[in-house]
Amino acid sequence: MKLIHERCAGLDVHKDSVVACVRIQRRGRTEHEVRTFATTTAALLTLADWLAERQCTHVVMESTGVYWKPVWHVLADGEVKLMLANAEHVRNVPGRKTDVKDAVWLADLLAHGLVRGSFVPPAEIQELRDLTRTRRQLVRQRVQHVQRIQKTLEDANIKLDSVISNVVGVSGRAMLDAIVAGESDPAKLADFAHARIAASREDLVTALHGRITPHHRFMLRLHLDQVDAAEKMISVIDTEVERLLVPFRGQVELLKTMPGISDQVARTLIAEIGVDMSQFASAGHLVSWAGLCPQLSESAGKRRSTRLRKGAPWLKPVLVQAAWAAARKKDSYLRGQFGRLKTRRGPKKAVVAVAASMLTAVFHMLHDGTCYSDLGLHYLDRVDRPRTAKNLVRRLQKLGYNVELTEQVA
């Protein structure tokens with residue numbers, strides 16, 4: 001195979017150690033030098049000096065949990081070009097695996113250009129990504145504690161969530177605080193409801209009639225404190241995210257011109273894919289990286305599977321949620337695409353296709369710096385008018401009508 005890099009290195013990264021293999025090609029001969037380093041900062045600096053002494057130009061390492069990050073940060077200050085490899089893409093032959101063999105294998109793959117580097121965003125985007133992901137985890141924790149509050153209320157036979165939509169809203173929270181404080185009279189608890197609440201007073205009194213014990217009050221107080229703590233941390237994160245988003249506020253406003261893209265979704269998009277689209281070869285590569293297109297699995301001329309890959313687990317769910325919202329936008333291209341695919345493939349596959357279209361548009365918007373331009377609800381019908389007319393005629397004929405088409409003269 002053609003040699004790409006004459007001096008390169010492969011790193012097998014673990015929690016407490018890094019096995020490094022330097023591969024040097026000299027006069028048709030290949031030399032491997034392997035050393036093991038600790039993962040302390042001093043040891044990693046020694047690793048960087050060792051690679052510099054051997055004049056390594058490229059270094060590859062696997063994306064092993066979070067253990068690769070400190071190694072990356074130390075080596076990034078040097079002159080070597082770093083590459084992060086997906087462990088699934090660089091698997092060695094099974095049955096002959098050691099840390100040394102893994103490092104040698106990575107170095108050999110890199111030398112011949114057989115490693116496809118993963119997307120590693122710049123430092124400011126990594127900080128933003130940490131915050132948005134932590135926020136999403138806190139939102140999930142808050143939802144879990146709200147569900148536990150509903151479970152405790154059911155155990156006390158209080159049907160509050162049957163008459164109000166949000167048990168921790170303004171009215172629900174006031175009632176819960178009163179219950180925790182010791183109040184158990186349904187009529188007095190119903191007085192805490194807001195005047196504009198949809199439920200009637202009679203329904204509230206009936207729903208609030210239960211058997212509340214001191215244990216129920218203790219559990220409600222416990223979960224309410226957790227909800228308050230999560231909301232406080234979410235507010236702190238939002239403030240910090242706003243500070244980090246100052247250089248990217250223009251890109252956020254561009255993304256918000258697309259249907260279904262809220263301010264929070266735009267933040268997540270910037271945090272997950274960045275603003276420099278040169279990291280991706282094309283919009284199709286970005287969609288594939290996100291896991292929004294069918295996988296390619298073919299053997300003997302037959303497609304074995306078209307299931308979606310896992311892709312980006314923090315990006316794909318957010319895009320799918322945004323696609324559900326965009327599909328409800330009247331007279332929009334995304335609504336038209338969803339409607340056409342829903343009848344043939346079902347709503348779930350249709351919404352994934354809409355999410356892929358939205359990510360394609362995001363790529364071009366960030367690449368070109370342009371706002372979203374909607375093609376319209378009937379764009380796909382206008383692209384191939386004869387085919388659309390043929391399909392409509394066939395449907396009418398199945399209903400028992402004879403149809404004769406006459407084209408209008410403009």
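1. A residue counts as buried when its relative accessible area is under 20%. Phe119, at 14%, is therefore buried. The model discussed here is a predicted one, and the points below take up its aromatic pairs, one enclosed helix and two arginines.

2. Seven aromatic pairs turn up in a search of the whole structure. One of them joins Phe119 and Trp289: the ring centres are 5.8 Å apart and the planes stand at 85 degrees, so the pair is edge-to-face. Phe119 sits in the loop between helix H3 (99–111) and helix H4 (123–155), while Trp289 belongs to helix H11 (residues 283–290), so the pair ties together parts that are 170 residues apart in sequence. With a relative accessible area of 27%, Trp289 is partly exposed, whereas Phe119 is buried. Phe280 joins Phe119 and Trp289 in one aromatic cluster.

3. Trp324 and Phe338 make an aromatic pair too, again edge-to-face, with 5.8 Å from centre to centre and 65 degrees between the planes. Trp324 is in helix H12 (residues 316–326) and Phe338 in helix H13 (residues 333–345), so this pair links distant parts of the chain, 14 residues apart. Here Phe338 is the buried partner, with a relative accessible area of 11%. Trp324 is partly exposed, at 35%.

4. Arg129 deserves a look alongside the first pair. This arginine is placed in helix H4 and has a relative accessible area of 13%, which means that it is buried. Once neighbours within four places in sequence are set aside, its contacts are Phe119, Pro121, Ala271 and Glu272. Phe119 is thus both a contact of Arg129 and a member of the aromatic cluster. Ala271 and Glu272 are themselves among the buried residues of H10, the helix taken up next.

5. How many residues of H10 are buried? Nine of the eleven are, so the helix is largely enclosed by the rest of the structure. The buried ones are Val265, Ala266, Arg267, Thr268, Leu269, Ile270, Ala271, Glu272 and Ile273. They pack against H4, H8, helix H9 (249–255), H11, H12 and helix H14 (347–368). Directly after H10 comes Gly274, which has a positive phi, near 75 degrees.

6. The packing of H10 on H8 can be described further. The axes of helix H8 (residues 214–244) and helix H10 (residues 263–273) come within 12 Å and cross at roughly 60 degrees. The two helices are therefore oblique to each other, and their crossing is left-handed. H8 brings Asp238, Val241 and Glu242 to the contact, and H10 brings Asp263, Gln264 and Arg267. Sorted by class, the contact holds four charged residues, one polar and one nonpolar. Of these, Arg267 is listed among the buried residues of H10.

7. Arg304 can be set beside Arg129. Is Arg304, in strand E7 (residues 302–305), buried or exposed? Arg304 is exposed, with a relative accessible area of 64%, whereas Arg129 is buried. Not counting residues up to four places away in sequence, Arg304 touches Ser297 and Ser299.

Key: Residues numbered from 1 in each chain as written. Predicted model: local features only at pLDDT ≥ 70, side-chain atom pairs only at ≥ 80, totals over all residues. Heavy atoms only, no water. Axes fitted to C-alpha atoms, helices over the stretch in contact; angles between N-to-C directions. Helix = DSSP H or I, 4+ residues; strand = E, 2+ residues; numbered from the N terminus. Parallel < 35°, antiparallel > 145°, perpendicular 65-115°, else oblique. Left-handed = near helix turned anticlockwise from the far one by under 90°. Contact = heavy atoms within 4.5 Å. Nonpolar A, V, L, I, M, F, W, Y, C, P; charged D, E, K, R; others polar. Phe/Tyr/Trp six-rings, centres within 6.5 Å; stacked < 30°, edge-to-face > 60°. Buried < 20%, exposed > 50% of the residue type's maximum accessible area, 1.4 Å probe, protein only.
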